[in-house]
Amino acid sequence: MLRTVHTKLLLPILCVLVVGSLLAGIIAHRAASNVIIGAFMEDGQRSASNLRDSVDMEISKAQLDLLALSVAPSVKHLLRGDGASEALVEGYIMALVAQHAIYNSITILDTEGYIVASTSGSTGQFRGDRGYFIHNMRGEFYISRGVEMSRQTGRLTIFVSIPVYGEDEEAVIGAALVVIRVEELNARHVIPVNLLGDHGYGMVVTSDGRIIAHRDEDQIIAPNEDGERPENAGMVSEGTLRQLQEMTGDSAVFEATRDGVDIMLFVERSRHTDWYAVAVCPISELYEQSNGLAVFIIILFSALIVMQVIIIWFVVRGITRTLTTTVRYSEAVAKGELESTLSIEREDELGVLAQSLRDMVGKLKDMISIAERKTAEAEAATEMIMESINYASKIQKNLLPSDSIFKKTFTDYSVIWEPRDVVGGDIYWAKNFNDGTVLCVCDCTGHGTPGALLTMLAVSAFESIITEERHRDTAEIMYRLDRRLASVLNVGASESLRITDIKDGCDLAVLFIAKNGHITLSSGNVNVFVCDGREVTRYKGQAIFVGEGKIKNKEEIETQHIPVNTDNKFYITSDGLPDQIGGDKNIQWGYKAFRQIVLDNHHESQDTISGKIWEAFRLYQAKQPRRDDFELITFKPKYD
């Protein structure tokens with residue numbers, strides 16, 4: 001009987017495997033080819049995308065360095081000719097060039113086109129006829145449309161320059177230029193591009209077809225001393241250029257011919273320039289590797305089928321007698337009939353399997369009993385934790401100032417305080433004095449329970465450090481809070497006193513609202529918006545994080561004065577509002593829509609305006625999770 005079952009079971013399987021192997025070979029060949037080609041296409045597009053992102057990053061980094069340079073006081077003093085040291089500026093730009101090996105030089109020019117500071121030693125030379133300078137004097141950023149040959153070093157270079165504005169941010173007082181080394185750009189980002197071994201490569205092409213980055217620098221042609229290039233030198237073919245110019249999106253894949261070889265081009269359009277990042281691979285190499293790997297897969301698949309036949313032969317012969325009984329027992333257990341019995345007694349592996357099934361059912365019974373007990377314990381513990389957190393929420397709400405404090409100071413006000421969790425890291429605090437009111441809006445590190453603990457420390461510190469003698473000095477309040485939190489958190493203490501390296505604290509805005517409506521403001525990373533019905537003015541906070549103990553004295557903290565205007569309404573929010581992800585593109589909300597709501601509804605009550613902001617915020621958030629606590633304080637001061 002066993003042999004009969006064995007034969008009946010094995011012969012159909014064997015026939016199916018033999019016939020199936022032929023079909024599987026054909027399918028495997030096609031599937032392997034498609035998978036390999038698909039993987040290569042993804043790899044090519046990814047290589048082009050990575051090249052695009054890397055080059056964009058270098059250009060963006062150069063622009064950011066130039067922006068930082070353009071706002072440096074020493075640079076502006078030098079360009080205005082009011083006593084700034086040329087050596088100081090040159091030291092600054094020398095340091096930048098030393099930090100970035102990709103920079104060939106940095107140059108500062110005045111409005112006449114003369115170099116006033118340079119890392120190349122060309123101070124005093126005239127560059128007013130250069131294209132980048134002409135663009136900068138019109139207030140435009142400039143990025144090379146091709147490569148240039150550096151006259152000082154003889155290297156291929158790319159120019160990136162920006163205008164430098166005066167204090168009024170309207171008049172251009174000069175230009176700042178970074179010269180990027182093409183050789184270093186190639187070494188870092190272009191040469192590493194590799195598709196199908198050494199057969200693929202990358203390059204960067206401008207919108208008019210000029211090659212400005214290539215692993216073979218002989219493919220890049222810079223102009224001669226007369227500004228001329230050989231015709232069609234350093235250019236892609238006309239057909240390739242036409243395909244690039246006809247791209248409708250930011251990515252494309254198309255075939256082309258270069259030097260008589262059919263190639264595949266993977267193209268990504270730059271986000272910041274008119275350049276294209278291109279990954280190139282010969283098509284013949286693609287299909288050669290595809291076919292080779294497909295054949296290997298077919299052979300491997302066939303070998304696996306043979307192995308399966310052999311394994312099935314022995315397995316079927318050994319398990320047919322007891323298989324049915326074992327399956328029925330397993331089915332009964334799966335239905336929850338744990339009292340079923342398995343009456344198989346053997347001295348081989350099937351006997352061990354039967355005994356293992358019996359042991360498993362016994363342990364399953366024990367586990368069910370333990371799980372039921374643990375579930376009950378976990379539910380009780382969860383309930384206790386939630387009761388504690390809910391009570392902590394009540395305590396935190398009691399720390400908030402009462403409405404009576406706001407009513408003494410403001411003719412109209414609104415507060416939306418919505419922690420992301422039951423408790424949160426946002427808090428606000430206020431106290432009335434005879435000559436005005438102190439208002440502190442605080443966004444502590446984190447949210448949930450850790451953030452809530454920091455808010456309690458902050459409120460305790462406010463109560464202690466804001467006294468009758470100091471309440472008008474907003475910078476002093478921020479400075480003392482920084483010292484207090486750093487002391488409480490043992491920042492800077494020895495290893496024996498500090499459990500861990502705590503780097504927590506808060507972003508903070510401190511306002512003193514005088515009885516006559518004049519407002520004094522000091523802020524670290526918190527923005528205050530003021531609307532007079534005609535425009536919304538943003539008072540940006542300094543890049544100061546309170547609690548790290550890094551503020552040496554209160555003079556480091558700026559004090560801003562907001563003059564009296566009976567039309568003014570004030571809006572203070574934590575970063576839970578602008579940082580929320582949502583909308584069609586799943587990007588941060590920012591401040592644009594918020595400012596428009598404030599301006600459009602200026603004559604409404606503060607409750608109405610805050611309600612519209614909250615409604616717009618929730619609509620933008622849609623199904624995205626809240627990223628942070630939400631805190632919005634709005635008010636209109638009284639004017640005695």
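This report describes a five-stranded sheet, the helices that lie across it, and other helices of a predicted model.

## Basis of the model

Because the model is predicted, local features need pLDDT of at least 70 and side-chain atom pairs count only at pLDDT 80 or more, whereas totals for chains, interfaces and linings use all residues. Residues are numbered from 1 along each chain as its sequence is written, and side-chain values use heavy atoms, with hydrogens and water left out.

## The sheet

Helices (H or I, at least four residues) and strands (E, at least two) are DSSP runs, numbered from the N terminus. Five strands form an open antiparallel sheet in the order β8-β7-β11-β10-β9, where two strands pair if DSSP finds at least two bridges between them. The edge strands, each pairing on one side only, are β8 and β9 (251–258).

Strand β7 (residues 201–205) is joined to β8 (residues 211–214) by three bridges, and valine 204 has alanine 213 in β8 as its bridge partner. Five residues lie between the strands of this hairpin, in which glycine 209 takes a positive phi near 90°. Seven bridges join β10 (residues 261–269) to β11 (residues 276–282), with methionine 264 opposite cysteine 281 in β11.

## Helices

Helix α5 (residues 182–190) lies across β7 and β8, at about 55° to β8, while helix α6 (residues 238–245) lies across β7, β9, β10 and β11, at about 170° to β9. These angles run from 0 to 180 degrees between N-to-C directions, with axes fitted to C-alpha atoms, for helices over the stretch in contact; contact means heavy atoms within 4.5 Å.
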